[in-house]
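User: I would like to learn how to read the features of a model like this one. Please take them one at a time.

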Amino acid sequence: MAGTVLQHVITPRGGFAAGPTDDLIAAVRHVIGMRADWARTAELVADQLRGYLPDPDILTPDQQHGHPDRPAGHVLHAEPDGTFSILGLVWRPGQSTRIHDHITWCVVGVLRGVEHEDLYDDELNLIGTRENPVGEVSGFAPPGDIHRIRNTGTRTAISLHIYGTDITRTGSSARRYYN
């Protein structure tokens with residue numbers, strides 16, 4: 001489904017094969033407690049995720065199939081105070097987001113497949129691309145976070161996203177979509 005827009009299909013907590021480890025959650029809490037700026041927080045959370053990156057079995061087999069019409073997001077953890085949430089995102093081949101930016105910092109770790117990322121400047125000029133394979137972890141924060149993610153591969157991709165907000169409250173991490 002080329003060009004499919006990411007719309008968070010938020011599933012309720014629970015029913016997962018395994019949740020994020022308590023160690024990962026504690027590490028993210030610790031980093032947030034440092035009260036660094038967003039860019040530094042994204043770097044520090046990325047460092048922690050590299051040490052605790054789970055395998056795709058963090059999602060049930062059914063969740064790992066994704067959604068036929070759009071990438072599917074599964075909330076794995078939402079911090080009670082609203083400071084962060086952890087989602088498993090499933091991307092079938094050809095699925096993508098629209099070009100967008102974010103309301104907060106974000107860290108992404110690829111668990112299966114390869115995610116292709118297009119990076120844009122504030123005038124929507126393509127300024128770079130990245131292929132993010134299994135094990136790749138990256139983080140970013142606004143401003144300067146305009147991008148699009150696509151699964152350009154032939155197999156389903158799965159990634160873990162940690163956002164600096166409670167996605168169950170905001171409904172999305174996207175601030176703006178661009179045409």
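**Reading the sheet and the site**

Analyst: In this predicted model, five strands make up an open sheet, ordered 1-2-9-4-7, with antiparallel pairing. Its edges are strand 1 (72–78) and strand 7 (137–140), each of which pairs on one side only. From one strand to the next, the twist averages 20°.

User: Over how many bridges do strand 4 and strand 9 pair?

Analyst: Strand 4 (residues 106–112) pairs with strand 9 (residues 157–163) over six bridges, in the antiparallel sense. Arginine 112, for example, has isoleucine 158 in strand 9 as its bridge partner.

User: Which strands does helix 1 touch?

Analyst: Helix 1 (residues 22–33) packs on the sheet and touches strand 1, strand 2 (85–91) and strand 9, its direction making about 40° with that of strand 9. Helix 2 (residues 38–52) lies across strand 4, strand 7 and strand 9, and runs at about 25° to strand 4.

User: Which residues does UniProt list for "binding site"?

Analyst: The unreviewed UniProt entry lists His100, His102 and His147. They span 48 residues in sequence, but no two of their C-alpha atoms are more than 9.4 Å apart, so they gather at one spot.

User: Is histidine 147 buried or exposed?

Analyst: Buried means under 20% relative accessible area; histidine 147 is at 3% relative accessibility, so it counts as buried. Histidine 102 is also buried, at 3%.

User: What polar contacts do the side chains of histidine 102 and histidine 147 make?

Analyst: The side chain of histidine 102 contacts that of histidine 100 at 3.2 Å, and the side chain of histidine 147 contacts that of histidine 102 at 3.0 Å. Histidine 102 belongs to strand 3 (residues 99–102), and histidine 147 to strand 8 (residues 147–150).

Methods:
Residues numbered from 1 in each chain as written. Predicted model: local features only at pLDDT ≥ 70, side-chain atom pairs only at ≥ 80, totals over all residues. Heavy atoms only, no water. UniProt positions renumbered as here; feature names shortened; annotations may be inferred. Helix = DSSP H or I, 4+ residues; strand = E, 2+ residues; numbered from the N terminus. Buried < 20%, exposed > 50% of the residue type's maximum accessible area, 1.4 Å probe, protein only. Polar contact = N/O pair within 3.5 Å; in protein donor to acceptor, adjacent residues only side chain to side chain. Pairing = 2+ DSSP bridges. Axes fitted to C-alpha atoms, helices over the stretch in contact; angles between N-to-C directions. Contact = heavy atoms within 4.5 Å.
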